[in-house]
Every structure is written in structure tokens, then in C-alpha cells.
Amino acid sequence: MARSSSGFVAGLTAAAVAVVGFLAYQASANVPDTLGKPLAGASKVPTTKAPRDKKNPVALPTASGSGERVVYSLDDDRVWLVAANNRTERTFKVTPGTVDPGVGTYAVTSRSKAVTGSDGAQIEHVVRFTVVDGVTIGFSSAMDGSTGSPDSTKKLGGIRETRKNGTAMWNFATVGVKVVVIR
């Protein structure tokens, strides 16, 4: 009896592995070529530093696109959540990872409520928008509330924000929302 049971279990396991392999192949074959890449036909974002309001340095930079979007400044380590009417709903400082996205316009490609980050930290409200050299780039909040500097010896794409700002980002940046990266 034990002999036939083990054969049956082995057969079921082999069938399950085959089905999972087939489904993985189907999923990879149906991924759009544009996933995680700058949006074609998107408004051009200057590769030089976007002009700033000298009287209000936290004001939304000009030349940062239009419509509903997340604007992320590489030089200022700041994010703006911008409504469809081009009004800033929220702005806040962030702590970038060690790998930066290129300047350009992207779209939110995926989100995760809670996962373990590539640095080993428990994170929540993960909003991903591109991949650079195999490193996924996105916004997230550490569950312990930390926003310290990342380990410079590792390739990390997490752009950390406080938990309060992470909740705001999560509520704002659904899949498909534009992410404009500026200098």
C-alpha cells in the first residue's frame, strides 16, 4: 500500500510542477514589452534639473508633466502627488535606494500591501514603476518606521517614505498612474 501511495504522490507532484511551469511560461509570454519602461509618447521631461520656484523650494517643479501623476525628484529626494487638475495633493521627502531610475515618465506596474524588501526589512505599501539593471524600483515604507540610509554595498531600488506618506502614496498611486522622474 505504501508503495502505490508514494507512486501516486510522485505522479501528482510531477503533474503539478508541469502545470506551474506551463502557467509561468504563459505569464511571461503575455507580459507587455513596455512593462517597467518609460511610456511611449509621454510628455518629454528635461534631463537637466527641472526649474524650481526660488521663493518656494518645495513647490511642484515646472516641466514635470501634466495631469494626475507622482513626481519624483532625484536631486531633491522629494515626491509630489499631483491630482488631475495639476494641483499638488501632498509633497514629502524620501530616502532613495542605491539604484536610481532614469529621468522620464513611467507608470505604476505593480503594488504589494506587505512584503520583505531586498534589504531584508519588512515593508508595506510597495508601489513599483520600473526595473534598472535587474533592480526593481519603487516606493515603500518600512513597517518599523525607519527611513535611514540604505546599505551602499547593495543594489537597492526601494525609495523609502514614512508610513504616513506611504499610506498616502498607496491610496494615490494605483496601477497605471504616471510616475515622472526629474532631476
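These are my notes on the nonpolar cores and the largest pocket of a predicted model.

**Entry 1: the main core.** I started with the largest nonpolar core and found 24 residues in it. Val70, Val79, Phe139 and Met169 have the most contacts inside this core. I then looked up which elements supply two or more residues. They are the strands β1 (69-73), β2 (78-82), β6 (122-132), β7 (135-142) and β9 (178-182), plus the helix α2 (163-172). The top contributor is α2, with 4 residues.

**Entry 2: Phe139.** I picked Phe139 for a closer look and left out its neighbours within four places in sequence. Its contacts include Val70, Val79 and Met169, the residues listed beside Phe139 for the most contacts inside the core. From 125 to 129 I noted His125, Val126, Val127 and Phe129. Tyr72, Ile159, Glu161 and Val179 complete the contact list.

**Entry 3: a second core.** I also found a separate core of 5 residues. Val71, Val82, Val180 and Ile182 are among them. In soluble globular proteins, nonpolar side chains tend to be buried together.

**Entry 4: the largest pocket.** How big is the largest pocket by volume? I read about 390 Å³. Its lining takes in 27 residues. Nearest the pocket centre lie Gly117, Ser118, Ile123, Gly158 and Arg160. The elements giving two or more lining residues are β5 (110-116), β6, β7 and β8 (158-160). Here β7 gives the most, with 5 residues. I sorted the lining by class: 14 polar, 8 nonpolar and 5 charged residues.

**Entry 5: overlap.** I cross-checked the element lists. β6 and β7 give two or more residues to the largest core, and both also give two or more to the pocket lining.

Definitions and conventions: Residues numbered from 1 in each chain as written. Predicted model: local features only at pLDDT ≥ 70, side-chain atom pairs only at ≥ 80, totals over all residues. Heavy atoms only, no water. Core = buried A, V, L, I, M, F, W, Y, C linked by side-chain atoms within 4.5 Å. Buried < 20%, exposed > 50% of the residue type's maximum accessible area, 1.4 Å probe, protein only. Contact = heavy atoms within 4.5 Å. 1 Å grid on protein atoms, 1.4 Å probe; cavity = no way out; pocket = protein on both sides within 12 Å on 5 of 7 lines; lining within 4 Å. Points joined across faces, edges and corners; volume = space filled by probe spheres on them. Nonpolar A, V, L, I, M, F, W, Y, C, P; charged D, E, K, R; others polar.
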